[in-house]
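Got your viewer open and a selection box ready? Load the model below and we'll walk through it stop by stop.

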Amino acid sequence: MTNAPLNAASLRGAVDLSSLVRQHNTPAPAAGAPTGDVPANAAAESRAPNGYATSANDASFAQVLELSNTVPVIVEFFGQGIEASLEPTIAQYKGRFALVTVDATANPQLVQAFQVQEVPTVAAVIGGRPVQLFSGIMPESDLKEVFEQVLQLAAENKVTGTLPAADETAEGEAVEPVEEPLPPLHQEAFDAISAGDFATAIEAYTTAITQNPRDQQAIAGLAQVSLLARLEGHTADSVRSAAAQAPADVEAQLAVADLDVSGGHLGDAFDRLLELFPSADADGKGAIRTRLLDYFEIAGAEDPRVADARRRLTLLLY
């Protein structure tokens, strides 16, 4: 990662959904069993004294996605003898950021999703979407410049909440952000996803699109939750094994493409389906085209991989 200027397009990169897939496909731990850094149902329980920092793991990261709709979240990966160090800097912003630290040695799913190759690595999440920032140690002055760019990007995407300081709450009371309410159907969909009820979420997003065909958030949300629904109950090994045994089977290849997209590997998914397209029958071509259009919504038109895949699909169609 580099300290490159941020822009709105950064928010529409590879959208990782694998943490949500894993959360809903993993049985709940037995009572009293250890659950990792942060309980999945209590994102605020391990906040530091200043109220702005917490830790997360593969199973609990869905809480971070939710929080990032209120304030931009800085994600700091540490490990291998490198300690997390951004908390004092984050505290200076007095609640305009949340800090989430992740042990890179214990959370391979998040490491893959954020493409972490070394520690420390720092990223952001704004409105549920990841933004790559930098790797390595950065001087304080440069670090603040990057954070100011993140705040600007968050403002452009209407993520402008503030976390209250710990001393603004009663002793022992969990710090809760002040959130702007979602539109009713979006809230219904979000609540259903949190409960693992993908069918209800699909219905809510579909109704929202019927009411407003230009509701891009609902269109992208429908594509995302439909992906989650298709992956539910399947393991990565079984999906990849089926695809390897049937390289010409459209449904098997669509399933493994879903898996690639859920892990942020958009290019692999696009290549797989576009290479399969010429040999598929008419129904198969239609299914591939529809699935690719869903992926384009998930990733966003600004992603260069989407633009390239659109061009390739157009050439194949005409």
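Helices (H or I, at least four residues) and strands (E, at least two) are DSSP runs, numbered from the N terminus. Residue numbers start at 1 in each chain, following the sequence as written. Keep in mind that this is a predicted model, with local features needing pLDDT of at least 70, side-chain atom pairs counted only at pLDDT 80 or more, and totals for chains, interfaces and linings using all residues, while side-chain values use heavy atoms and leave out hydrogens and water.

**Stop 1: the sheet**

Select the five strands β1 to β5. They form an open sheet in the order β1-β3-β2-β4-β5, with mixed pairing. Here two strands pair if DSSP finds at least two bridges between them. At the edges stand β1 and β5 (129-135), each with a single partner strand, so one side of each has no neighbour in the sheet. On average, neighbouring strands are turned by 25° against each other, direction ignored. As background, strands of a sheet pair through backbone hydrogen bonds, either parallel or antiparallel.

Start at β1 (residues 53-55), which runs parallel to β3 and is joined to it by three bridges. Which residue of β3 is the bridge partner of S55? Click on T101. On the β2 side, six bridges join β2 (residues 73-78) to β3, and these two strands also run parallel. Label E76 and you'll find it opposite T101 of β3; label F78 and it stands opposite D103.

Now cross over to β4 (residues 121-126). It pairs with β2 in the antiparallel sense over five bridges, with V73 opposite V125. The next pairing, β4 with β5, is antiparallel too and has six bridges; there, A124 faces V131.

**Stop 2: two covered strands**

Colour by accessibility, where buried means under 20% relative accessible area, exposed over 50% and partly exposed in between (1.4 Å probe, protein chains only). How many of the six residues of β3 (residues 98-103) are buried? Six of six are. Show the side chains: A98, V100 and V102 point one way from β3, while L99, T101 and D103 point the other way.

Do likewise for β2, where six of six residues are buried as well. V73, V75 and F77 go to one side of β2, and I74, E76 and F78 to the other.

Then add α5 (residues 140-156). This helix lies across β2, β4 and β5, at about 165° to β5. Axes are lines fitted to C-alpha atoms, for helices over the stretch in contact, and angles run from 0 to 180 degrees between N-to-C directions.

**Stop 3: helices around α11**

Select α10 (residues 250-262) and α11 (residues 266-276). Their axes come within 7 Å and cross at roughly 165°, so the two helices are roughly antiparallel (angles over 145 degrees count as that, under 35 as roughly parallel, 65 to 115 as roughly perpendicular and the rest as oblique). Among the residues making the contact (heavy atoms within 4.5 Å) are V250, L254 and V261 of α10 and A269, R272 and L276 of α11. By class, the contact residues divide into nine nonpolar, one polar and three charged. The classes are Ala, Val, Leu, Ile, Met, Phe, Trp, Tyr, Cys and Pro as nonpolar, Asp, Glu, Lys and Arg as charged, and the others, Gly among them, as polar.

Next, bring in α13 (residues 304-317). Its axis and that of α11 come within 10 Å and cross at roughly 5°, which makes α11 roughly parallel to α13. L266, G267, F270, D271, L274 and E275 in α11 meet R305, V306, A309, R312, L313 and L316 in α13. This contact has seven nonpolar, one polar and four charged residues.

Zoom in on G267 in α11. At 22% relative accessibility, G267 counts as partly exposed. Draw a C-alpha to C-alpha distance from G267 to V306: 8.6 Å, with their positions 39 residues apart in sequence.

**Stop 4: backbone oddities**

Most residues other than glycine have a negative phi, and most peptide bonds are trans. Go to P120, in the loop between α4 (108-113) and β4. The peptide bond from V119 to P120 is cis, with omega near -5°.

Q115 lies in the loop between α4 and β4, and has a positive phi near 55°. Q115 is partly exposed at 46%. Finish at K158, in the loop between α5 and α6 (184-194). Its phi is positive too, about 60°, and K158 is exposed at 68%.
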